[in-house]
Amino acid sequence: MAISHEPAEIRVETLIDCCPFSFVVDGAGRLARLGSYLAKHYPEIAGRPYEEVFACESVQAERPSGAAPDAGTRERVALRVRGAEDLQIVGAFLPLSRQTDGSLFVGTVSPKQITKVTDYGLTMSDFAPFDVSADFAMMAQVNEAVLKDTRLLNEHLTAARDEAVRARKKIEAVALVDCLSGLANRAAFQQILDGAAIDQDPPKPDEPCSMLLIDIDNFKPVNDQYGHAFGDRLIKSIGDRIRRAIDGSAAAYRIGGDEFAVILRGRSPYQARLCAVEILRQVHEPHRIQDKRISIRASAGLASRMFGINDLDSLYKAADIALYEAKRDKSHALQIYTAGMGRRELDKKLLERDLVEAVGKEELEVFIRPQFDIHSGALWGGEALARW
Amino acid sequence: MYGMVNNAIRAFIDKKHGPDAWARICDRVAVDPGEFAALLPYDDALTMKLVTQAAKTTGMSVEALLTEIGRYWVHFAARSSFGPLLAFGGAHFEEFLGNLDAIHSKIKASLPKLAPPSFRVEAMPGDTVRVFYRSTRDGLFPFVEGLFKGLSEHFGQTVEILDFEKLGPGEARWNLRVGHNGAQASAA
């Protein structure tokens with residue numbers, strides 16, 4: 001089929017029927033025909049002067065309000081119905097025909113308002129079949145719906161995650177508390193040593209920090225004499241005393257049956273010592289358990305940060321050495337770790353190492369001395385001695 | 001099916017038969033009774049299990065229940081985030097049904113696993129229309145008839161099924177008489 005390149009006259013009625021936002025301005029400047037949307041929503045504008053009805057803005061350049069551009073320039077303009085300027089229509093004026101004065105406006109909803117089409121009571125049928133604005137409007141609505149539901153899903157997931165975190169913290173908090181004393185337990189102590197505690201950062205490099213280890217002397221006989229229920233109450237009482245003696249900057253742990261640890265942060269070694277003395281004083285005060293007054297003794301080792309002892313693990317080891325000294329030397333309940341203690345401990349460890357090596361090298365010589373009963377003269381045993 | 005469909009079933013049972021009925025259904029299907037993620041696809045088999053158990057729990061036939069859920073779906077969708085699409089799709093029953101494929105194609109662009117049915121509407125003499133339906137899923141004809149009912153209520157119209165013919169698996173044709181004088185109603 002041959003395609004004619006002659007200019008064709010398109011029937012205005014056809015265009016008007018296809019384009020619900022179109023209209024015709026006659027030679028006298030009046031609105032002669034209206035597209036279906038305008039006819040439905042603004043029937044009162046039919047026959048009125050175009051410039052009275054519409055405010056016209058050029059999309060490309062400034063234009064006096066209301067003035068229509070010359071038809072045929074294909075200048076893109078935005079129109080609003082005066083007095084009801086909620087809907088903006090974008091399009092162009094075209095010459096009506098070569099024989100007739102007047103122009104035809106062909107347009108569609110402004111891209112700015114594509115998301116609000118339902119606010120204006122528009123449906124898909126208000127758009128020309130070839131007008132992709134309807135597709136954009138639907139896509140915008142779908143996007144908005146998907147975004148809204150995604151936000152909701154996100155809120156649900158966030159709430160569920162927060163709930164899970166709260167539940168985990170609650171479980172962890174229970175798991176990290178010693179049910180007898182109410183203090184943090186051994187697992188919590190290990191977490192802080194490992195730097196793995198969730199709600200406690202390890203001490204900063206320049207932050208003063210000390211560790212106090214307390215061991216109750218002769219606790220087993222208390223259990224044996226009064227029973228385990230009594231012993232449990234005594235442990236609780238000791239825990240209460242320790243908690244009362246410290247403030248928020250210190251953390252107390254029950255790390256064994258009758259062993260406690262206190263980490264003292266932000267205090268100088270002197271202040272830590274004063275605190276340790278106060279803790280021991282309170283622990284040594286008589287405890288009233290089941291109508292009985294019982295006094296106990298405790299040994300304690302205190303270590304503060306110093307050269308070579310920086311992290312909590314080193315502090316723990318140093319405090320343990322000091323505690324060992326306190327246990328050995330009963331004259332002082334509290335021993336402060338010194339470098340000398342560390343050397344003694346080192347000497348002990350070197351001796352242990354050399355001894356192991358000596359066994360391997362067979363440097364030990366064994367001497368056996370027989371033992372006799374002095375009355376009967378009979379051999380009843382022997383004594384082995386090792387010499388190195 | 002996307003979670004939104006399961007949420008509609010949940011909302012329907014919850015509203016008409018109470019949360020205990022929904023909890024029993026979920027217990028039998030072994031699924032959490034909480035809300036489904038609207039924009040995530042779920043196995044069709046899960047949806048059918050929910051419908052089957054819901055029918056047993058409510059004492060309804062599966063077909064009758066599907067019709068009621070189809071009817072409820074329109075009201076559920078209108079209140080959902082996708083509600084504006086229902087308004088934009090048309091001002092009356094025939095217009096909306098005729099535009100439904102175009103609407104579904106836009107939704108599919110965002111929800112690629114959507115497998116929507118297709119509707120073709122033909123105007124017939126008088127006040128009747130012929131609706132051709134095609135779906136990859138078989139056995140949902142009662143749901144579609146519920147949709148007709150729900151849409152007619154949404155647009156304040158009357159729709160009467162004059163004739164139904166199954167054309168194949170998931171394919172059918174209805175002749176409907178559509179009235180335009182009904183008042184806006186809500187079955188929700």
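Axes here are lines fitted to C-alpha atoms, for helices over the stretch in contact, and angles run from 0 to 180 degrees between N-to-C directions. With that in hand, take helix H7 of chain B, residues 141-154: in this predicted model, H7(B) lies across S2, S3 and S4 of chain B and runs at about 155 degrees to S3(B).

The sheet under that helix is a good place to start. It is an open sheet built from four strands of chain B, in the order S1-S2-S4-S3, with antiparallel pairing. Strand S1 (118-123) and strand S3 (158-168) of chain B sit at the edges, each pairing on one side only. Going from one strand to the next, the twist averages 20 degrees. Helix H6 of chain B packs on this sheet too, touching S1, S2, S3 and strand S4 (171-179) of chain B, and its direction makes about 140 degrees with that of S1(B).

Zooming in on one pair of strands, S1(B) and strand S2 (residues 128-134) of chain B are joined by six bridges in the antiparallel sense. Two of the pairings can be spelled out. Ser118(B) has Arg134(B) in S2(B) as its bridge partner, and Glu122(B) stands opposite Arg130(B), also in S2(B). S1(B) and S2(B) form a hairpin with four residues between them, and in the turn Gly126(B) takes a positive phi of about 75 degrees.

Stepping back to the whole chain, chain B has seven helices and four strands. Along the sequence these follow the pattern α-α-α-α-α-α-β-β-α-β-β. Of the 188 residues in chain B, 37% are buried. As for how far contacts reach along the chain, 63% of those with a separation of 6 or more are between residues 24 or more positions apart.

The helical part of chain B offers a few details of its own. Ala11(B) belongs to helix H1 (residues 3-17) of chain B. Ala11(B) has 20 C-beta neighbours inside 10 Å, so this residue counts as buried. Ala11(B) and Phe76(B) are 65 residues apart in sequence, yet their C-alpha atoms are 8.2 Å apart in space.

Further along, helix H3 (residues 44-58) and helix H4 (residues 62-79) of chain B pack at an angle of about 105 degrees, their axes being 9 Å apart. That angle makes H3(B) roughly perpendicular to H4(B). On the H3(B) side the contact involves Val51(B), Thr52(B), Ala54(B), Ala55(B) and Thr58(B), which meet Val62(B), Leu65(B) and Leu66(B) in H4(B). Sorted by class, the contact of H3(B) with H4(B) has six nonpolar residues, two polar ones and no charged ones.

Chain A has a helix pair to set beside this. The axes of helix H6 (residues 219-226) and helix H7 (residues 228-245) of chain A come within 6 Å and cross at roughly 135 degrees. H6(A) and H7(A) are therefore oblique to each other. H6(A) brings Val222(A), Asn223(A) and Tyr226(A) to the contact, while H7(A) brings His228(A), Phe230(A), Gly231(A) and Leu234(A). The class count for the contact of H6(A) with H7(A) is four nonpolar, three polar and no charged residues.

Now for the place where the chains meet. Here 20 residues of chain B are in contact with 18 residues of chain A. On the chain B side, the elements giving two or more residues are helix H5 (83-89) and helix H6 (93-110) of chain B. H6(B) supplies the largest share of that side, eight residues. The residues on the side of chain B that touches chain A split into 13 nonpolar, five polar and two charged. H6(B) thus turns up twice in this account, once in the contact with chain A and once packed on the sheet.

Last comes confidence. For the complex, the predictor gives an ipTM of 0.86 and a pTM of 0.63. Chain B has a mean pLDDT of 92, with 96% of its residues at 70 or more. The weak spot is residues 182-188 of chain B, where the pLDDT is below 50; this stretch has 15 contacts in the model beyond near neighbours in sequence. Where pLDDT is low, the predicted coordinates should not be read in detail.

Definitions and conventions:
Residues numbered from 1 in each chain as written. Chains lettered and ligands numbered in written order. Predicted model: local features only at pLDDT ≥ 70, side-chain atom pairs only at ≥ 80, totals over all residues. Contact = placed C-beta atoms within 7 Å. Nonpolar A, V, L, I, M, F, W, Y, C, P; charged D, E, K, R; others polar. pLDDT = per-residue confidence, 0-100. Parallel < 35°, antiparallel > 145°, perpendicular 65-115°, else oblique. Pairing = 2+ DSSP bridges. Buried ≥ 20, exposed ≤ 12 C-beta atoms within 10 Å, placed from the backbone.
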